[in-house]
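The following report describes a protein model for a reader at the bench. Please consult the sequence and the structure alongside the text.

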Amino acid sequence: MNIGKISLIGVPMDLGQTRRGVDMGPSAIRYAGIVERFKNLQLEVEDLGDIIISRTANRAPSHSKLKNLPVVAEVNRLLADKVDEIMKNHSFPLVLGGDHSIGIGTLAGVAKHYRNLGVIWFDAHGDLNTEETSPSGNIHGMPLAVSMGLGHPDLVNIQGYAPKVKPEHIVIIGARSLDEGEKKLIKEKGIKVYTMHEIDRLGMAMVMEQCITYLRERVDGVHLSLDLDALDPADAPGVGTPVNGGVSYRESHLAMEMLAESQLVMSAELVEVNPILDERNKTAVLAVALMGSLLGEKLL
Ligand SMILES: NC(=[NH2+])NCCC[C@H](N)C(=O)O
Ligand SMILES: [Mn+2]
Ligand SMILES: [Mn+2]
């Protein structure tokens with residue numbers, strides 16, 4: 001992969017959902033040795049630190065059904081600016097979450113730099129809810145819909161353009177918990193989804209081959225949004241919304257190794273790592289190992 005430099009940016013944000021602890025994700029991922037891992041791969045890496053999020057941020061119910069909308073929108077505006085700047089410097093942005101609502105800001109910053117951005121959404125969930133379809137009001141269940149231009153204007157219009165990504169340029173991998181409204185939207189928009197059913201049936205190698213071929217024909221670069229709850233809770237227990245029957249340890253590494261070979265991925269984010277719910281930082285350690293594979297580590 002022709003990656004000059006990697007720029008890390010932490011977003012200790014937990015306001016896109018209601019379980020505390022995911023704000024400690026960036027620390028846990030750094031503690032698991034992400035900088036050293038990249039240095040061992042002879043990659044140039046800079047850590048830009050964290051976006052500051054007010055500890056006293058207003059968690060009170062707002063008039064909107066969307067929980068903590070003003071703060072979540074503000075954090076995503078700041079994140080989008082940062083990611084845009086990293087992209088302008090021709091560096092590979094790696095965003096460390098934080099809950100998945102930060103996908104909104106990451107994509108707002110990344111997508112400006114492409115004619116047709118492809119997105120791989122590695123997740124147990126679709127994150128395709130809107131205010132109308134959301135069962136929870138949690139914004140971490142909405143970032144992919146927002147990036148397609150569906151949702152609250154304060155989120156959809158970050159960086160002054162929308163949509164950030166077209167439905168036919170999205171591939172969801174690992175899904176096994178989709179809400180009714182999300183299923184409807186997937187069918188309406190023709191979004192490509194490999195649920196756990198297809199992964200079981202075809203095997204991860206075939207799924208990734210198809211995914212890479214599909215995107216290569218359509219886009220000029222790919223963003224990987226890696227929600228650790230895509231993995232089976234046995235391998236990644238430190239997540240706020242675990243769902244049984246997930247992607248295995250080796251399947252997830254294989255997926256990253258094949259993406260490394262494809263040389264398509266130009267930005268990424270690691271989200272939903274919750275150290276409070278984890279076992280001895282296992283989930284953050286796995287997240288770092290997966291980034292190693294994505295950026296070129298080989299078994300031999
Ligand atoms: N990024 C996540 N973990 N999202 C979980 C979303 C769960 C559920 N679909 C909701 O919208 O509330
Ligand atoms: Mn998820
Ligand atoms: Mn998610």
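Why is strand 7 largely enclosed by the rest of the structure? Six of the six residues of strand 7 are buried, so the strand is largely enclosed by the rest of the structure. Here buried means under 20% relative accessible area, whereas exposed means over 50% and partly exposed lies in between, with a 1.4 Å probe and protein chains only.

This is a predicted model, in which local features need pLDDT of at least 70 and side-chain atom pairs count only at pLDDT 80 or more, while totals for chains, interfaces and linings use all residues. Residues are numbered from 1 along each chain as its sequence is written, chains are lettered from A and ligands numbered from 1 in the order in which they are written, and side-chain values use heavy atoms, leaving out hydrogens and water.

## The sheet

Eight strands form an open sheet in the order 2-1-3-8-7-4-5-6, and their pairing is parallel. Strand 2 (44-50) and strand 6 (192-195) are the edge strands, each pairing on one side only. From one strand to the next the twist averages 15°. Axes are lines fitted to C-alpha atoms (for helices over the stretch in contact), and angles run from 0 to 180 degrees between N-to-C directions. Strands (E, at least two residues) and helices (H or I, at least four) are DSSP runs numbered from the N terminus, and two strands pair if DSSP finds at least two bridges between them.

At one end of the strand order, strand 1 (residues 5-11) pairs with strand 2 in the parallel sense over five bridges. Within this pairing, G10 has D50 in strand 2 as its bridge partner.

Strand 7 has two faces: V222, L224 and L226 point one way, H223, S225 and D227 point the other way, and all are buried. With strand 4, strand 7 pairs in the parallel sense over five bridges, and V119 stands opposite H223 in strand 7. With strand 8 (residues 265-271), strand 7 pairs in the parallel sense over six bridges; D227 has V271 in strand 8 as its bridge partner.

Strand 5 (residues 170-175) is also largely enclosed by the rest of the structure, because six of its six residues are buried. Four bridges join strand 5 to strand 4, and the two run parallel; I120 has V171 in strand 5 as its bridge partner. Another parallel pairing, of four bridges, joins strand 5 to strand 6, where V193 in strand 6 is the bridge partner of I172.

## The two manganese ions

The protein donors of the two ions are set out below. Donors are N, O and S atoms within 2.8 Å of the metal (3.2 Å for Na, K and Ca); water is not among the atoms, so sites may look incomplete.

| Ion | Protein donors | Distance from the ion |
|---|---|---|
| manganese ion (ligand 2) | D123 (OD), H125 (ND1), D227 (OD), D229 (OD) and D229 (OD) | 2.1 to 2.4 Å |
| manganese ion (ligand 3) | H100 (ND1), D123 (OD), D127 (OD) and D227 (OD) | 2.0 to 2.2 Å |

Along the chain, the donors of the manganese ion (ligand 2) follow the spacing D-x1-H-x101-D-x1-D. Distant parts of the chain are linked at this ion: H125 belongs to the loop between strand 4 (118-122) and helix 5 (143-147), and D229 to the loop between strand 7 (222-227) and helix 10 (249-262), 104 residues apart. Both H125 and D229 are buried.

For the manganese ion (ligand 3), the donor residues are spaced H-x22-D-x3-D-x99-D. The manganese ion (ligand 2) and the manganese ion (ligand 3) lie 3.2 Å apart, bridged by D123. D123 is buried, as is D127.

## Pocket and cavities

Which residues are the closest to the centre of the largest pocket? They are H125, S136, H140, G141 and T241, out of 23 that line the largest pocket. This pocket holds about 280 Å³ of space. Its lining comprises one nonpolar, 14 polar and eight charged residues. In this classification Ala, Val, Leu, Ile, Met, Phe, Trp, Tyr, Cys and Pro count as nonpolar, Asp, Glu, Lys and Arg as charged, and the others, Gly among them, as polar.

On a 1 Å grid over the protein atoms alone, a pocket is an open set of points with protein on both sides within 12 Å along at least five of seven lines, a cavity is a set where a 1.4 Å probe fits but cannot get out, and lining residues have an atom within 4 Å of a point. Grid points are joined across faces, edges and corners, and a volume is the space filled by probe spheres set on the points.

Two cavities of 30 Å³ or more are present in the structure. The second largest cavity has a volume of about 40 Å³, and its lining residues include L66, N129, E131, M142 and H152. By class, that lining divides into five nonpolar, four polar and one charged.
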